[in-house]
Amino acid sequence: PAAPAFNKRPCTQNCPAAASAAQNYLLTGALPSSACSPLNEPSGYEIAPGPESWPATGKAWADAWKGIQGATSKHGTHVIVEADRGANKPDNLTQWHYFVVMNARGHRVAVDAFLGEVDADVERYVKRLGAKTFSYTSERVTAKPVRP
């Protein structure tokens with residue numbers, strides 16, 4: 001899915017699909033063939049398996065980070081993370097944001113396919129998100145568009 005870094009008019013809420021596409025790329029090497037624009041943006045995404053069933057849900061960052069490090073202990077392993085900004089989030093941001101944390105030769109990096117960023121300083125990246133709680137899974141996740 002189009003990222004703001006690469007498109008003048010990207011979708012505004014496709015980060016679940018972008019994170020799923022990034023995970024798929026890490027698993028298979030296949031690039032996604034879908035595109036998204038404000039004209040065809042879905043009203044939301046059906047995420048499977050849903051974050052409410054992920055092994056680690058609603059944790060503060062310090063606790064989530066310990067688990068993420070354990071789940072990504074070997075090169076090439078990764079998790080999808082759901083960051084929840086809470087109901088009092090800034091008006092210009094979505095409540096939830098999805099990204100991937102992967103182990104690249106012993107270093108954890110945040111892969112944000114929605115923003116088109118890879119950040120080797122995961123702590124700095126997470127602070128920028130302004131999220132309150134985090135959920136994560138190492139399972140393969142799909143994000144199916146929901147049309148109105």
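Okay, let's start with contacts: among those in the protein with a separation of 6 or more, 69% are between residues 24 or more positions apart. Keep in mind that this is a predicted model, and that goes for everything I'm about to show you.

So what's the layout? We've got three helices and eight strands. If you walk along from the N terminus, the order goes α-β-β-α-β-β-β-β-α-β-β. There are 148 residues in the protein, and 41% of them count as buried. As for the outside, about 8200 Å² is exposed, and 53% of that comes from carbon and sulfur atoms.

Let's move on to charges. Side chains of opposite charge can pair when their charged atoms come close. How many salt bridges does that give us here? The count comes to three.

Take E117 and R128 to begin with. They form a salt bridge, and the closest N and O atoms sit 2.7 Å apart. E117 is in strand 6, residues 117-119, while R128 is in helix 3, residues 122-129, so this pair ties together parts that are 11 residues apart in sequence. Are these two buried or exposed? E117 has a relative accessible area of 26%, so that one is partly exposed. R128 comes in at 46% relative accessibility, so R128 counts as partly exposed too.

Next up is R124, which forms a salt bridge with D119, again with 2.7 Å between the closest N and O atoms. R124 is at 46% relative accessibility and therefore counts as partly exposed. D119, on the other hand, is buried, with a relative accessible area of 6%.

And then D119 also forms a salt bridge with R128, where the closest N and O atoms are 3.8 Å apart. Put those shared partners together and E117, D119, R124 and R128 are joined into one network.

Now for a couple of arginines that do something else. Have a look at R108, in strand 5, residues 107-112. R108 is buried but has no salt bridge, and the nearest side chain of opposite charge, E123, is 11 Å away. What does the R108 side chain reach, then? One partner is the backbone oxygen of Q69, at 2.9 Å. Another is T72: the two side chains are joined by a polar contact of 2.6 Å. If you leave out residues up to four places away in sequence, R108 touches W65, Q69, T72, S73, V101, M102, N103, A120 and V122. So Q69 and T72 turn up in that list as well.

The other one is R85. Where does R85 lie? You'll find R85 in the loop between strand 3 (78-84) and strand 4 (96-104). This arginine is buried and has no salt bridge either, with D112 as the nearest side chain of opposite charge, 7.1 Å away. There is a backbone partner, though: a polar atom of the R85 side chain lies 2.8 Å from the backbone oxygen of L129. Again leaving out residues up to four places away in sequence, R85 touches L93, T94, Q95, W96, H97, L129, G130, A131 and K132.

Last stop, the surface. Which residues form a nonpolar patch there? That would be Y25, L26 and L31, which together have about 310 Å² of accessible area. L26 belongs to helix 1, residues 15-28. With 32% relative accessibility, L26 counts as partly exposed. L31 sits in the loop between helix 1 and strand 1 (44-48). With 67% relative accessibility, L31 counts as exposed. If you're looking for a landmark, L31 and A21 are 10 residues apart in sequence, and their C-alpha atoms are 7.4 Å apart in space.

Okay, quick recap before I hand over. On the charged side, keep the network of E117, D119, R124 and R128 in mind. For the buried arginines without a salt bridge, remember R108 and R85. And on the surface, have a look at the patch of Y25, L26 and L31. That's my bit, thanks.

Key:
Residues numbered from 1 in each chain as written. Predicted model: local features only at pLDDT ≥ 70, side-chain atom pairs only at ≥ 80, totals over all residues. Heavy atoms only, no water. Helix = DSSP H or I, 4+ residues; strand = E, 2+ residues; numbered from the N terminus. Buried < 20%, exposed > 50% of the residue type's maximum accessible area, 1.4 Å probe, protein only. Lys, Arg positive; Asp, Glu negative; His and termini not counted. Salt bridge = Lys/Arg side-chain N within 4 Å of Asp/Glu carboxyl O. Polar contact = N/O pair within 3.5 Å; in protein donor to acceptor, adjacent residues only side chain to side chain. Contact = heavy atoms within 4.5 Å. Patch = residues over 30% accessible without salt bridge, like charges linked within 9 Å, V, L, I, M, F, W, Y side chains within 5 Å. Areas by Shrake-Rupley, 256 points an atom, 1.4 Å probe, with all protein chains shown as cover.
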